[in-house]
Amino acid sequence: MINEIVSFANNVLWGEYQVLIYILVFAGVWFSLRLRFIQLRHFAYMFKVMKGSTQGDKSGISSYQALCTGLSARVGTGNLAGVAMAISLGGSGAVFWMWVIALLGMATGFAESILGQLYKVRDDHKEYRGGPAYYIRAGLNKPWLAVLFALCLFLGYGISFSAMQANTITDALNHTFDISSVYSGAVITVIAGIIVMGGLRSIARFAELIVPFMGLAFILAAVAVTLINIQQVPAVLMDIFNSAFGLTEAGAGALGAAIKNGIQRGLYSNEAGAGSVPHAAAGATPVPNHPVAQGYVQMLGVFIDTMVLCSCTAIVILLAQGNIGNEMEGIRITQNAMTHHMGMSGDMFVAIIITLFSFTSVVANYAYAESNLHLFKLDNIYGRTGYTLLYLAMVFWGANASLKEVWNMADMALGLMTVVNISALMLLTPTIVNLTRDYQSKLHTTNKPEFKLADVKIQGKTEDGVWS
């Protein structure tokens, strides 16, 4: 009965009816228009706002740490296996539509992140907590909807997603290095436990050390592959654009597949609108001291995830087309492409990178769910210990399990999270627009915007003492 309900929900959300794709595309267009395409107008400023972003305070992490934490959750199997699946199912044109949805998703990511900042609270340990459940409760005064979102978050990010990422790691290590899943799963669980026991600060410190390293390593490898095959690059780019608009021999049928798979995999990868990254955004001490500053930071995260890292995977695969075999999907396509370019070291490189990508997601997922314990009055030693033990048990179990049913449950949880979050964002659009206008107005007059509650009309109310 439960499996039937889950299957039906996923068919509506992700499958035949693809409700989520339409919702997320609409949200991207909506916020791009309402914010006057801020992702394009303020593209350069998105990088400038990171200046001075390495400083936090006793209540929060730095904006740079929040960016790395957000990226550690975003960057995972979707950047390697997801892109490969988009190309295998939708052709090279899927890459173009992945770029389009990333540009639209930057506006959605901006919107949800500034709300995470505005409606954040301080817990009993004087640390910032926030996310969709918090802005639903405080901004819309709908506690029941906040609880629904938090429960879906616990089911998805708190339990299922970490198990799946652990499974991806052990499978890659077993395939390439013949390491037993039991041993690698035990090591993953122990290391994850050591990191997450320190809470968000510990996770943020880990993210700021690992994320730049793994991202730069993958980018440099892709650049090297591109330079070696530079004569083929113009033809690959031309093929991407021609396929994106059905101008190749495959025709209109391929056009539909390219649009569907490009949009779907782009959404899976950057998570804009899912309601996950606002938890990292809420934990930051923004520089300048204004909620909108964190919107720019996390908008940059969407750009790096899809426009940079996913593009690196795409170019590596497309430059090896015809030399990676057929009848494959997912991570094996990426591994074979790297092997074609780099020899046997390419397979090992992908195994190591997917291990780093997935492990950072494992620990970041913990932080997102743990931040919602405050809502249930479980932000104490008993609540945290109980959740941590459940989380670690799922990581170890997932490392050694067949996860088809858990994947389905996680997809449903993520889908419901997204529906709830996008609905809240739409209802809170006036606050999003007012905050953005206040920031941009002060930026033009003072060059260092400072947020004051009295200057902006917002819906609901923020916690006393956070912004007042």
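User: Does C310 count as buried or exposed?

Analyst: Ground rules first: this is a predicted model, where local features need pLDDT of at least 70, side-chain atom pairs count only at pLDDT 80 or more, and totals for chains, interfaces and linings use all residues. Residues are numbered from 1 along each chain as its sequence is written, and side-chain values use heavy atoms, leaving out hydrogens and water. Buried means under 20% relative accessible area, exposed over 50%, and partly exposed in between (1.4 Å probe, protein chains only). C310 has a relative accessibility of 0%, so C310 counts as buried.

User: How many disulfides does the count come to?

Analyst: A disulfide is a covalent bond between the sulfur atoms of two cysteines. The test here is a pair of cysteine sulfur atoms within 2.5 Å. By that rule, the count is zero.

User: How far away is the cysteine sulfur nearest to C68?

Analyst: C68 is in no disulfide, and its relative accessible area of 3% makes C68 buried. The nearest cysteine sulfur belongs to C312, and the distance is 17 Å.

User: And which cysteine has the sulfur nearest to C310?

Analyst: C310 is in no disulfide either. The nearest cysteine sulfur sits 9.2 Å away, and it's that of C312.

User: How many salt bridges does the structure hold?

Analyst: Side chains of opposite charge can pair when their charged atoms come close. Here a salt bridge needs a side-chain nitrogen of Lys or Arg within 4 Å of a carboxyl oxygen of Asp or Glu. The total is six.

User: How many residues apart are R384 and E370?

Analyst: These two side chains meet in a salt bridge, N to O at 3.2 Å. The pair links distant parts of the chain, with R384 in helix α18 (residues 381-399) and E370 in helix α17 (residues 344-370); helices (H or I, at least four residues) are DSSP runs, as are strands (E, at least two), numbered from the N terminus. E370 counts as buried at 3% relative accessibility. The separation in sequence is 14 residues.

User: Which helix do D438 and K442 both lie in?

Analyst: D438 and K442 form a salt bridge with closest N and O atoms 3.4 Å apart. D438 counts as buried at 11% relative accessibility, and so does K442 at 15%. They're four residues apart, about one turn of the helix, and that helix is α20.

User: What is the distance between the closest N and O atoms of K442 and D455?

Analyst: K442 lies in helix α20 and D455 in the segment after α20, so their salt bridge ties together parts 13 residues apart in sequence. D455 counts as partly exposed at 45% relative accessibility. The closest N and O atoms of this pair are at 2.9 Å.

User: Which residues do salt bridges that share partners join into one network?

Analyst: R384 and E370 turn up again here, since shared partners are what join the network. The members are E127, R129, R201, E370 and R384.

User: How much accessible area does the nonpolar patch have together?

Analyst: Patches take residues with over 30% relative accessible area and no salt bridge, joining like charges within 9 Å and nonpolar side chains (Val, Leu, Ile, Met, Phe, Trp, Tyr) within 5 Å. This patch is formed by F177, I179, V182, Y183, M348, I352 and F396, with α10 (181-196) and α17 each supplying at least two residues. I352 is in helix α17 and is partly exposed at 45%. By the Shrake-Rupley method with a 1.4 Å probe, only the protein chains shown counting as cover for residues, the area is about 640 Å².
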